[in-house]
Structure formats: C-alpha cells, structure tokens
Amino acid sequence: MNLVSPFGFALPTRIEYGTGAVEKLADELALIDARRVMLITDVRLASSGLLARFTTYLASKRIAYDIFARVEANPKDYNVEEGAKKALSDKPDCLVAVGGGSPIDCAKAIAVVAASGGRARDFEGYGKVSGKVLPLIAIPTTAGSGSEVTFSAVITDSTQRIKFSIKDSSIAPRVALVDPELTFSMPAALTAATGMDALTHAIEAFSARAAEPLSDALALYAIELINTHLRAAVADGRSLEARSGMLLGSLLAAIAFSHSDVAAVHCISEALGGKYDLPHGVCNAVVLPAVMEYNLDYCVDRYARIALAMGLRTDGAENLARQAVAEVKKLATDIHLPDFRDLGVQEADIEELARCSAANGSNPANPRPMTDEDYRNVLLRLSGAA
C-alpha cells in the first residue's frame, strides 16, 4: 500500500444498527415527510410473517403503503420496469426495500426509472443517473450483499442473459435500518450462501488493485467477524451473537468494496448468474478459492494479512497466504455449500462465460491481470476439465 496515494471516502447512507433498529422506520419517514410508501420485497418474504410485521407496523402508524413483491432472485430488468410502473401509478413519497440484495438492488433501479423514465439498462455504468430519484430506505433481512450501504444496483438483462450495474451515489439508500433480529428467519442454506458472499466482498475489497487504507481496515475486520461467526450462524440461526456478527461483517464488507472494488470472483459469478440465474452467493462461494489460488503469486502479502485476520498463524508470508486459501475452502465445506460441478455449468458455455467475465467492469481491479484465456483456465479447473 502506498500510504501517500490520494483517496476519497464518502458514505451517502446513514446507518442505524442494532436490535430494534427497524422500529425507527416511522421516525425516518417523518424526517422526509413521507406519508405513503411502497414496500419492495421478494416472493419468499411476501409469503412470510415478516412482511406482515411491516404492514401491521405501518398501519399502526397511520402510514399508507402499497406492496411490490414481484422481485426475483438476481433481479431482472422487467422487475425494475414493472416496479417503476407501479410507483408511477401509486405515487409513493418513499420506497422501503425489505429483504436481501435482490429487493434492495431492484428498489434502487426502480427509484431511478420511476423518476426519469426509460428502461433499466439505459442507466448502466457510472454517471447515467441525472436529476432526482425517489428516496429509499433499506432494511436488510440477510447478511450478505450489503446492498443497504452501497451505491450500485446489479440487474439482469433478461434478453441477453447478462448482468449490468447502475452506479451512482444518488441511488444509495438515505438510511439503512440494520437489525440483526430480522435475519433470524434465514434458512441455513441461505445463511451459508449469503455469508460467503459477504466474505468474498471483504477478501476481494482487500486484495483489489483499487484498495485504499480505509477500505483495508473495514475489509480486514469484516473477514475476522465473518470467519468467527458464519459457522455458528448456520448451525443456530437464533443466536443473536452470531447473527449480529454476520450482519455487521456484511455491512463492513460492503462499505469496503464500495470504496475499493470487487474482482475476478465477481466477474465469474455475475457471468454465471446472468447465464444460468444461479444464486450469487453460491457462485461466489464455489469460485472464491479457485480464484484465490490463481491470484496467489500476485498478492502473497495481502493473502497473508487475510490469514492473520482469520486467526491463522505460521512462518512465512507464502505459507500464510496458502493457509488463507485452504481456510476459505474449509469454511465453504463446513457450511455445506455445493461444488462447482453441482451448478450445472455446461462445458460448451465456458468460452462465452470467460468472455463475459473478462468484459466485466471490475476485471481491471483483480490483482492478477485476467484475459479471456485466464478466465477460461479457471473455469476449466473448476469444472474438472483441465
């Protein structure tokens, strides 16, 4: 790390963290004089008692609400456009996203399209959002994406079957109500997948070329928290300590990668998610160790620091770095995540997946320069064809 290199740091989202934080929703809505809200969530949460908790709460506070619960996993462009159409019809003063990364990312994009018109992909990349967007409050119910504090939204182009990102500070939630008790209802498999997603955010933020001192500090503590608490959260979803450690780790990891970047793991995961509509956290979990092995010679010192954050000790930076890779593999195994070969990836698609990975906007951040051929090599190793 060049300590004299300039950097900037801004966090557009105010965070209210802790047990009971969600009870502050009415006060937050009053601050912006929001008298009608649109709750945005996914099908799973809509059929659970958790959404009913929010509607009962809003009714008790005499706050009018509408519900958009048609967000899919890996939110699609048509989810965004349907939600924007509903927002134009219902005219909410504020959007309230409840759920994991999919509802929150979808809500960010809805906030843009509802205000500016057009289609979701019109706003791909940096600097495409102009004018005001609908205000957004984010309430995470998973510990993984950290979307409640990021200023990007990842959406799937349903025609081309690729993912694209909308990136602008204006789409960051105004406030994130981060309440560990809301994650109690997460099934073990979802806890495992989203937890590895958060770990990937932290590891890639720390090892990315764009890393800077503040993102480093956040990423290292996130790694420590996640490694300490993920197994316990999977084993006992009602453990407040484990759930709190995971939610805080996810939060810190998200702030870290927002101010650094993600890298080759996400490039591959987003290609897989766009092509096959696979769960993002699972993709990260199975790809992360292979990419770390491929990167190892280019970031020995960084991986050695990661090993120390995971509580590992041995002589020599290279030994530590290799232990970090082994520990990530062991963690994924311990929490029963699948193998890459269980994902149904077709060997005939590897060339396309490699090209898509290399074209990802985060590819230049990877510590090892990655071409189509490099991605092809990683994918072939993962599939057992190399």
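# A walk through the structure

Let us start with one residue: Val-112, which is found in helix α5, spanning residues 101-116. Keep in mind along the way that this is a predicted model. Is Val-112 buried or exposed? Val-112 has a relative accessible area of 0%, so it is buried, the cut-off for that word being under 20%. Leaving aside residues up to four places away in sequence, Val-112 touches Gly-117, Phe-123, Val-129, Val-133 and Ile-171. You can also use Val-112 to get a sense of scale: its C-alpha atom is separated by 14 Å from that of Lys-91, a residue 21 places away along the chain.

From here, turn to the sheet. It is an open sheet of 6 strands with parallel pairing, and reading across it gives the order β1-β9-β6-β4-β2-β3. Which strands stand at the edges? They are β1 (residues 14-17) and β3 (residues 64-71); each has a single partner strand, so one side of each is left without a neighbour in the sheet. As you step from one strand to the next, the twist averages 20 degrees. It helps to recall that the strands of a sheet pair through backbone hydrogen bonds, in either a parallel or an antiparallel way.

Strand β9 is a good place to look at the pairing in detail. With β6 (residues 136-140), strand β9 (residues 175-178) pairs in the parallel sense over 2 bridges. Here, Ile-137 has Val-175 of β9 as its bridge partner. Strand β9 also pairs with β1, again in the parallel sense, this time over 4 bridges. Val-175 of β9 appears here too, as the bridge partner of Arg-14.

Now look at the two faces of this strand. In a regular strand, side chains alternate between the two faces of the sheet. What covers the picture for β9 is burial on both sides: Val-175 and Leu-177 on one side are buried, and so are Ala-176 and Val-178 on the other.

Helices pack on the sheet as well. Strand β1 and strand β9 are both touched by helix α8 (residues 240-259), whose direction makes about 170 degrees with that of β1.

Arg-14 deserves a second visit, this time for its charge partners. Together with Glu-16, Lys-24 and Glu-28, Arg-14 is linked in a network of salt bridges. How many salt bridges does the structure hold? The count is 24.

A few of these can be followed one by one. The side chains of Asp-334 and Arg-231 meet in a salt bridge, with 2.9 Å from N to O. Asp-334 lies in helix α12 (residues 317-334) and Arg-231 in helix α7, so this pair ties together parts that are 103 residues apart in sequence. Both ends count as partly exposed: Asp-334 has 31% relative accessibility, and Arg-231 has 26%.

Helix α12 takes part in another such link. Lys-329 forms a salt bridge with Glu-293, and their closest N and O atoms are 2.7 Å apart. Because Lys-329 lies in helix α12 and Glu-293 in helix α10 (residues 280-295), the pair ties together parts that are 36 residues apart in sequence. Lys-329 is partly exposed at 37% relative accessibility, and Glu-293 is partly exposed at 41%.

Next comes a salt bridge within one helix. Arg-376 and Glu-373 bring their side chains together at 3.5 Å, N to O. Where do these two residues sit? Both are in helix α14 (residues 372-383), 3 residues apart, which means that about one helical turn separates them. Arg-376 is partly exposed with a relative accessible area of 27%, and Glu-373 is also partly exposed, at 43%.

Let us finish on the surface, back at helix α7. This helix, residues 213-235, is the place of Leu-214. With a relative accessible area of 39%, Leu-214 is partly exposed. Which residues join it in a nonpolar surface patch? Phe-7, Phe-9 and Leu-11 make the patch together with Leu-214, and its area is about 320 Å².

Definitions and conventions:
Residues are numbered from 1 along each chain as its sequence is written. This is a predicted model: local features need pLDDT of at least 70, side-chain atom pairs count only at pLDDT 80 or more; totals for chains, interfaces and linings use all residues. Side-chain values use heavy atoms; hydrogens and water are left out. Two strands pair if DSSP finds at least two bridges between them. Axes are lines fitted to C-alpha atoms, for helices over the stretch in contact, and angles run from 0 to 180 degrees between N-to-C directions. Contact means heavy atoms within 4.5 Å. Patches are made of residues with over 30% relative accessible area and no salt bridge: like charges are joined within 9 Å, nonpolar side chains (Val, Leu, Ile, Met, Phe, Trp, Tyr) within 5 Å. Accessible areas come from the Shrake-Rupley method with a 1.4 Å probe; for residues, only the protein chains shown count as cover. A salt bridge is a side-chain nitrogen of Lys or Arg within 4 Å of a carboxyl oxygen of Asp or Glu. Buried means under 20% relative accessible area, exposed over 50%, partly exposed in between (1.4 Å probe, protein chains only).
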